[in-house]
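Notebook open, coffee at hand. Today I wanted to look up side-chain packing and enclosed space in the model below.

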Amino acid sequence: MLVLFIFLILALALVIKSADFAIHYSTRLAESFKLSKYVVGFLIVAVISILPETFISVTSAIEGIPSFGLGTLFGSNVADLTLVFAIVVLFAGRSLKIETKIIKNRYLHIGIMFIPILLGLNGYYSRWEGIFLIIIGLAFYYYILKNDGYDIDVPREKFRITDLLFLLVSMGFLLLGSHLTVKFGVNFANALHVNPVLIGMFVVGLGTTLPELLFSIRAAKRNHDGLALGDILGTVIADATIVVGIVALISPFAFNSRIVYITGMFMLSGIILLFHLIKTGRVLTKKEALLLILFYLLFVSAELVMNY
């Protein structure tokens, strides 16, 4: 059992490190096209940040255990919206400033997060539903890019073919690490005689939040609050729409609807709570960060009671 846990941690570490390299090189590529910091955070870095859970979810669906992947996606989203935001605030040592455009788009964020929950109430995602989710996610990203695209004040970096090559290599290691994570994660859950969904949510799910967590902490410490917030929110939206859609498109799947009724509802409640907090004073304070942590602990307690 200990050996399985060690292998699981090593596989997850490979995923996280590969994602870190992918973020680095994708950001350099994005800067060569003079994209604004918010777009780099929301569109570019967030897209790369979702690669760990994307590969893990697709792999789990192909291997016939889609609930593991869906639990990882929804569980990591709850963590992103609560625990990750809170940790960024606490590590920054100050309140995070919230840009007006983020608050203005809050109902759009909440509405989009509700769509995969509504479609999944019957415990099944069809191929057509997958296509619809992908379209919704891409349309939202297009809206963000259209309304906050190029920034003339961003210094343009020189395009390097090596950045593209290293990005592709990083994604290759992500694929390998994701396969190993699913394999050892399920084996570890079976050894513990617990629901694999719990391992997906609280071991793998938390692990896959590390790329955006580390990136956002670095951004916040450099006073790039928009970059930090954009990364996390972009990751959450992409996970709930594009990633779920890709999995359903590749392999339509049935799952325990409890994931939607419990985890999905916590995910939706988490983003509603987050936007309620940040619209008051247009900042996210340390006290509000502690409230987000308490919300995440409530989520953990509910999942343990219902799934153990």
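I began with the contacts of Phe 74, taking contact as heavy atoms within 4.5 Å. Leaving out residues up to four places away in sequence, I found that Phe 74 touches Tyr 125, Val 244, Ile 259, Val 260, Thr 263, Gly 264 and Met 267.

A note on the source: this is a predicted model, where local features need pLDDT of at least 70, side-chain atom pairs count only at pLDDT 80 or more, and totals for chains, interfaces and linings use all residues. Residues are numbered from 1 along each chain as its sequence is written, and side-chain values use heavy atoms, without hydrogens and water.

Next I looked up the nonpolar cores (buried Ala, Val, Leu, Ile, Met, Phe, Trp, Tyr and Cys joined through side-chain atoms within 4.5 Å; buried is under 20% relative accessible area with a 1.4 Å probe, protein chains only). The largest has 69 residues, and Phe 74, Met 113, Tyr 125 and Leu 284 touch the most other members. Helix H4 (residues 66-92; a DSSP run of H or I, at least four residues, numbered from the N terminus) gives this core its largest share, 13 residues. I also noted a second, separate core of 11 residues, with Leu 8, Ile 56, Phe 184 and Val 204 among them.

Last, cavities (points on a 1 Å grid over the protein atoms alone where a 1.4 Å probe fits but cannot get out; lining residues have an atom within 4 Å of a point). I found two of 30 Å³ or more. The largest has a volume of about 40 Å³, the space filled by probe spheres set on the points, which are joined across faces, edges and corners. H4 gives the most to its lining, four residues.

Definitions and conventions:
Buried < 20%, exposed > 50% of the residue type's maximum accessible area, 1.4 Å probe, protein only. Helix = DSSP H or I, 4+ residues; strand = E, 2+ residues; numbered from the N terminus. 1 Å grid on protein atoms, 1.4 Å probe; cavity = no way out; pocket = protein on both sides within 12 Å on 5 of 7 lines; lining within 4 Å.
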